[in-house]
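Visitor: I am new to this structure and would like to be taken through it by question and answer. Where should we begin?

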Amino acid sequence: MVAEQTSNDQTISCVELTKIYSGKRESKALDSVSFSIPSNGIFVLIGRNGSGKTTLVRILSTELEPTSGEVFINGIDVKNESDKLRERIAIVPQEARAIPWMTPAQTVLSYLLWRGFSYGEAKRRALETLGKLGLGRHANSLNRTLSGGNKRKVLVATVLASEAEIIFLDEPTTGLDPISRREFWSLLKEIGQRRFTFLTTHYLEEAEELGDRIGVLDRGRLVGLGTLDELRQRVNYNYSMKLSRGVPLPHVTRGEVVEGRDGTRVLTTEEEAFAISRELSRGGYKFTINPISLDDIFFYLANRGADQVGN
Ligand SMILES: Nc1ncnc2c1ncn2[C@@H]1O[C@H](COP(=O)(O)OP(=O)(O)OP(=O)(O)O)[C@@H](O)[C@H]1O
Ligand SMILES: [Mg+2]
């Protein structure tokens with residue numbers, strides 16, 4: 001495939017992107033990933049541990065060179081024009097932590113100075129952004145005295161205060177309690193209205209809540225891409241049944257059966273779900289039945305990893 005890009009192209013496009021980490025044991029973190037998404041709203045990349053999310057984010061944000069393949073962001077060649085791109089993007093890496101002995105004001109200020117803002121402008125932007133994020137009152141407290149959610153907000157404040165039009169957030173809500181996570185979601189939604197936000201997560205409900213588009217990575221391969229509705233349409237079933245461990249699968253079961261640690265998941269049609277439920281009820285077995293969720297779609301796509309998107 002040949003990628004033709006123009007400078008007014010508002011997309012993120014990858015063509016057969018592959019990353020192999022060399023070392024004692026070679027590891028193929030990305031395996032010929034190709035996609036093109038509009039660079040607006042919020043894109044959420046989901047995938048299990050080690051599926052390649054961070055690797056993709058690091059390549060898109062110019063931190064890491066791919067082994068092969070091409071990447072363009074808004075018409076800019078990520079490999080050959082990284083300097084041009086760097087001023088337009090900002091990233092909060094997965095492992096980033098606010099330095100404990102600095103204050104939020106100092107954290108944002110130093111980041112902006114590093115990005116080339118004058119001292120006066122950096123200070124004005126830092127205080128304004130911290131205020132907007134509800135951190136005004138904590139601006140001069142030490143980061144280590146802040147709650148987990150507020151510590152994360154300080155990092156988001158750094159990239160928000162910059163002029164970057166594309167923001168990468170690698171697992172911004174991991175480890176946050178459910179209330180802080182929800183608070184964070186409103187913040188991310190607001191950011192997504194003004195700047196393209198590319199975020200990764202393990203939480204499927206987060207992708208469901210925030211993603212204008214969702215990508216599913218599994219073992220370095222992109223196995224799903226689209227809006228939630230588009231992903232739903234790729235799954236031929238509309239009901240999901242859960243059977244506890246040890247419950248025998250009725251002989252009427254067709255559909256997609258996924259064995260998990262906590263039991264069996266059966267994706268099926270309405271008619272079959274009815275037949276299965278009848279059998280299970282007869283045997284006195286307990287089960288649940290629900291309309292298909294993103295969680296089910298994820299399992300379905302990961303199970304069928306071989307038929308990759310675009311192939
Ligand atoms: N610097 C590295 N050197 C060697 N292998 C690496 C390196 N970084 C990542 N890998 C390997 O590449 C694969 C993808 O890792 P990556 O960190 O991109 O996954 P991830 O989806 O972000 O995982 P997580 O959800 O745990 O953050 C894994 O098998 C990982 O062990
Ligand atoms: Mg990661």
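Visitor: Of contacts between residues at least 6 apart in sequence, what share joins residues at least 24 apart?
Guide: The model is a predicted one. The contacts considered here are those in the protein between residues at least 6 apart in sequence. Among them, the share joining residues at least 24 apart is 70%.

Visitor: How many helices and how many strands are there in the protein?
Guide: The C-alpha trace spans about 75 × 50 × 40 Å along its principal axes. The protein holds both kinds of element, and the count is 10 helices and 14 strands.

Visitor: What percentage of the residues count as buried?
Guide: A residue is called buried when its relative accessible area is under 20%. The protein has 311 residues, and the part of them that counts as buried is 52%.

Visitor: How much area does the protein expose, and what part of it do carbon and sulfur atoms supply?
Guide: The exposed area of the protein is about 15,600 Å². The part of that area supplied by carbon and sulfur atoms is 47%.

Visitor: How far apart are the centres of the positive and negative side chains?
Guide: The protein has 41 positive and 40 negative side chains. Each set has a centre, and the two centres lie apart by 6 Å.

Visitor: Is Thr201 buried or exposed?
Guide: Thr201 belongs to strand 8, residues 196-201. Beyond its close sequence neighbours, Thr201 touches residues including Val44, Leu45, Ile46, Lys53 and Glu171. Its relative accessible area is 1%, and the cut-off is 20%. Thr201 is therefore buried.

Visitor: Which side chain makes a polar contact with the side chain of Thr201?
Guide: A polar atom of the Thr201 side chain lies 2.9 Å from the backbone nitrogen of Tyr203. That partner is a backbone atom, whereas the question asks for a side chain. At 3.1 Å, the side-chain partner of Thr201 is Glu206.

Visitor: What distance separates the C-alpha atoms of Thr201 and Met241?
Guide: Along the chain, Thr201 and Met241 are 40 residues apart. In space, their C-alpha atoms are separated by 25 Å.

Visitor: Why can Glu121 and Arg125 be said to lie about one helical turn apart?
Guide: An α-helix has 3.6 residues a turn, so residues three or four places apart point the same way. Glu121 and Arg125 form a salt bridge, with their closest N and O atoms 3.0 Å apart. Because they are four residues apart in helix 4 (residues 119-132), their separation is about one helical turn.

Visitor: Is Arg125 buried or exposed?
Guide: Its partner Glu121 has a relative accessible area of 26% and is partly exposed. For Arg125 the value is 15%, which is under the 20% cut-off. Arg125 is therefore buried.

Visitor: Which residues are linked with Glu128 in a network of salt bridges?
Guide: Glu128 meets Lys132 in a salt bridge of 3.9 Å, N to O. Glu128 is partly exposed at 40% relative accessible area, while Lys132 is exposed at 63%. The network links Glu128 with Glu121, Arg124, Arg125, Lys132 and Glu163.

Visitor: How many salt bridges does a search of the whole structure find?
Guide: One salt bridge joins the side chains of Lys28 and Asp31 at 3.6 Å, N to O. Lys28 is partly exposed at 47% relative accessibility, and Asp31 is buried at 19%. A search of the whole structure finds 21.

Visitor: Why is helix 10 described as largely enclosed, and how many of its residues are buried?
Guide: Helix 10 covers residues 294-303. Its buried residues include Leu294, Phe298 and Tyr300. The helix is largely enclosed by the rest of the structure because, of its 10 residues, the number buried is seven.

Visitor: What is the phi of Asn74?
Guide: Most residues other than glycine have a negative phi, and most peptide bonds are trans. Asn74 sits in the loop between strand 4 and strand 5 and is buried at 4% relative accessible area. Ser39, in the loop between strand 2 and strand 3, has Asn74 among its contacts. Although Asn74 is not a glycine, its phi is positive, at about 45°.

Terms used
Residues are numbered from 1 along each chain as its sequence is written. Chains are lettered from A and ligands numbered from 1 in the order in which they are written. This is a predicted model: local features need pLDDT of at least 70, side-chain atom pairs count only at pLDDT 80 or more; totals for chains, interfaces and linings use all residues. Side-chain values use heavy atoms; hydrogens and water are left out. Helices (H or I, at least four residues) and strands (E, at least two) are DSSP runs, numbered from the N terminus. Buried means under 20% relative accessible area, exposed over 50%, partly exposed in between (1.4 Å probe, protein chains only). Contact means heavy atoms within 4.5 Å. Accessible areas come from the Shrake-Rupley method with a 1.4 Å probe; for residues, only the protein chains shown count as cover. Lys and Arg count as positive and Asp and Glu as negative; His and the chain ends are not counted. The place of a charge is taken as NZ of Lys, CZ of Arg, CG of Asp or CD of Glu. A polar contact is a pair of N or O atoms within 3.5 Å; within protein, one must be able to donate a hydrogen and the other to accept it, and residues adjacent in sequence count only if both atoms are side-chain atoms. A salt bridge is a side-chain nitrogen of Lys or Arg within 4 Å of a carboxyl oxygen of Asp or Glu.
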